[in-house]
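Notebook open, coffee poured. I want to look over one chain and then follow a single helix through it.

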Amino acid sequence: MKNKIVVVGGYGHVGTTICKQLGERYPGQVFAAGRSAERAERLSRETGGKVKPLALDIRNPADSDVLNDAKLVIMCLDQTDTAFVRSCFRNGTHYIDVSANGAFLTQVERCGPEAAAHGVTAVLSIGLAPGLTNLLALEASKLLEQVHEIDITIMLGLGDRHGEAAIAWTVDNLNARFEVIRNNRSVAVKSFTDGRVADFGTDFGRKKAYRFPFSDQQTIARTLNVPTVSTRLCFDSAMVTALAAGLRATGAAGFLKVGWVRQAAISGIGKLHFGEERFAVKVDARGSKGNKDAYVECFLQGIRQSDMTAKVAVSIADALCRKDFPYGVFHIEQLFELGDMRDWLTKEAAVEIRLDGNLHSTV
C-alpha cells in the first residue's frame with residue numbers, strides 16, 4: 001500500500017517546516033529525503049522519529065525505486081529537467097512542486113497526459129508566490145465579469161530568515177530577462193526594471209516595486225485567461241530595493257554571474273537581518289462589471305514568508321492524501337480556492353478584498 005510522503009529537500013529551510021507539520025499529522029509516514037543522510041537523520045531525531053530519514057539523489061534514476069511505496073512527493077528543490085517528475089508519474093505517485101521557476105513548471109505542465117494516464121494528480125504553483133498570489137488573483141477575477149489586467153506586487157521583509165536556495169534564486173534573477181503576457185502577447189522584459197508604486201495599505205503604505213520573474217504572472221495569464229499580467233518585487237527597505245534597481249540599471253548586476261561574487265552576495269544577504277519578518281502581497285485587478293469599469297484590490301499580510309510557503313504545501317499535501325482529485329498536472333488555482341485555506345489562513349495572515357474601494361470580504 002502506497003502511504004509514504006517523501007519530501008525532497010526535506011531538511012532544507014522550507015522542507016523542514018513541511019516535514020515537521022506533516023509528521024504531526026502522519027507520524028512515521030513522512031520521509032525527509034536528500035543527498036545528506038546525516039542531515040535527514042538529524043531531523044528525524046528532532047521529531048522523535050515522526051519524520052523518517054531517506055537518502056535520495058534525484059539525479060540517479062535508480063533511486064526512483066523509493067517511489068514504489070510513495071503516495072506523494074513534495075519537491076522543495078529546483079530541477080533542470082523532468083526526469084524525476086516523470087518517474088513519480090510512472091510510479092503512480094502524486095506530486096507537489098514548491099518552485100517559482102516558470103520555465104521548469106511549463107515543462108512539467110507538458111507531462112500532464114502522462115500523469116493522467118498513470119492516475120496521478122500533480123499540483124504546481126505552491127507557496128506564497130506563486131501560490132497564494134494565484135488564489136488572490138482567482139478571487140479578484142471572480143468579482144469581475146471581464147478581467148483586463150492583473151498586477152501582483154510582493155514585499156519581502158529583510159528581517160525574515162530566508163533559505164539559501166531562495167536567496168540564491170533571487171540573486172540569480174536580479175539580472176534576468178524573461179517573458180510576460182501583455183495584451184495577449186508574449187513580451188520580453190528585464191528584472192528590476194519598469195518600477196511601479198503599489199499601495200499596501202495602512203501598515204506598509206506605498207512602495208515602489210520592480211519586475212521579477214515569479215511564475216505566477218505567466219501561469220494565471222493562461223489559467224485565468226487574463227490579457228495582461230505582471231509581478232513585481234520590493235523589500236521593506238526602500239533603500240535596498242533602490243540598490244537592487246541601481247545594480248540592474250548600471251549593469252553591475254551582471255557581475256553576479258561570476259562565481260565568487262555570486263557566492264559572496266548569497267552569503268552576505270543570508271547574514272542580513274534588519275527590518276521586519278513581515279511580508280505583504282497586493283493584487284490589483286482591473287476590468288469591468290455590469291458594463292462599467294471595475295477595480296479589485298486584494299491585500300495579504302503575514303510573517304515569515306518561508307513558513308507561509310510551507311503551510312500552503314502542507315495544506316495541499318493533506319488534501320491530496322485525504323481526497324480524490326482529477327488526474328493530470330494543475331496549478332493551485334485550477335483545483336483550489338482561497339476559502340479552502342481559510343481554517344489555517346485566518347490564524348496566520350490578514351486578508352482583505354475590496355471592490356471599487358469598498359470592503360468586500362476578509363479572511
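These entries go from the whole chain to one helix and its surroundings.

**Entry 1, the chain.** I note at the start that this is a predicted model. I counted up the secondary structure and got 13 helices and 17 strands. The chain has 363 residues, and 55% of them count as buried. I also looked up the accessible surface, which comes to about 16000 Å². Carbon and sulfur atoms own 49% of that surface. Then contacts: taking those between residues at least 6 apart in sequence, 69% join residues at least 24 apart.

**Entry 2, length of α9.** I picked helix α9, residues 238-250. With 13 residues at 1.5 Å a residue, α9 should span 18 Å, and the end C-alpha atoms are 18 Å apart, so the two agree.

**Entry 3, the sides of α9.** Which residues of α9 are buried? I found Val240, Thr241, Ala244, Ala245 and Arg248. They cover an arc of only 140° around the axis, so they sit on the same side of α9. A reminder to myself: an α-helix has 3.6 residues a turn, so residues three or four places apart point the same way. On the other side of α9, I have Ala238, Met239, Leu243, Ala249 and Thr250 down as exposed.

**Entry 4, what α9 packs against.** I checked the partners of the buried residues of α9 and got three strands: β9 (185-190), β11 (206-211) and β12 (228-235).

**Entry 5, past the end.** Last thing I looked up was the residue just after α9: Gly251, with a positive phi of about 85°.

Note on methods:
Residues are numbered from 1 along each chain as its sequence is written. This is a predicted model: local features need pLDDT of at least 70, side-chain atom pairs count only at pLDDT 80 or more; totals for chains, interfaces and linings use all residues. Side-chain values use heavy atoms; hydrogens and water are left out. The expected span of a helix is 1.5 Å times one less than its number of residues. Buried means under 20% relative accessible area, exposed over 50%, partly exposed in between (1.4 Å probe, protein chains only). The arc is that of the directions from the helix axis to the C-beta atoms. Contact means heavy atoms within 4.5 Å. Accessible areas come from the Shrake-Rupley method with a 1.4 Å probe; for residues, only the protein chains shown count as cover.
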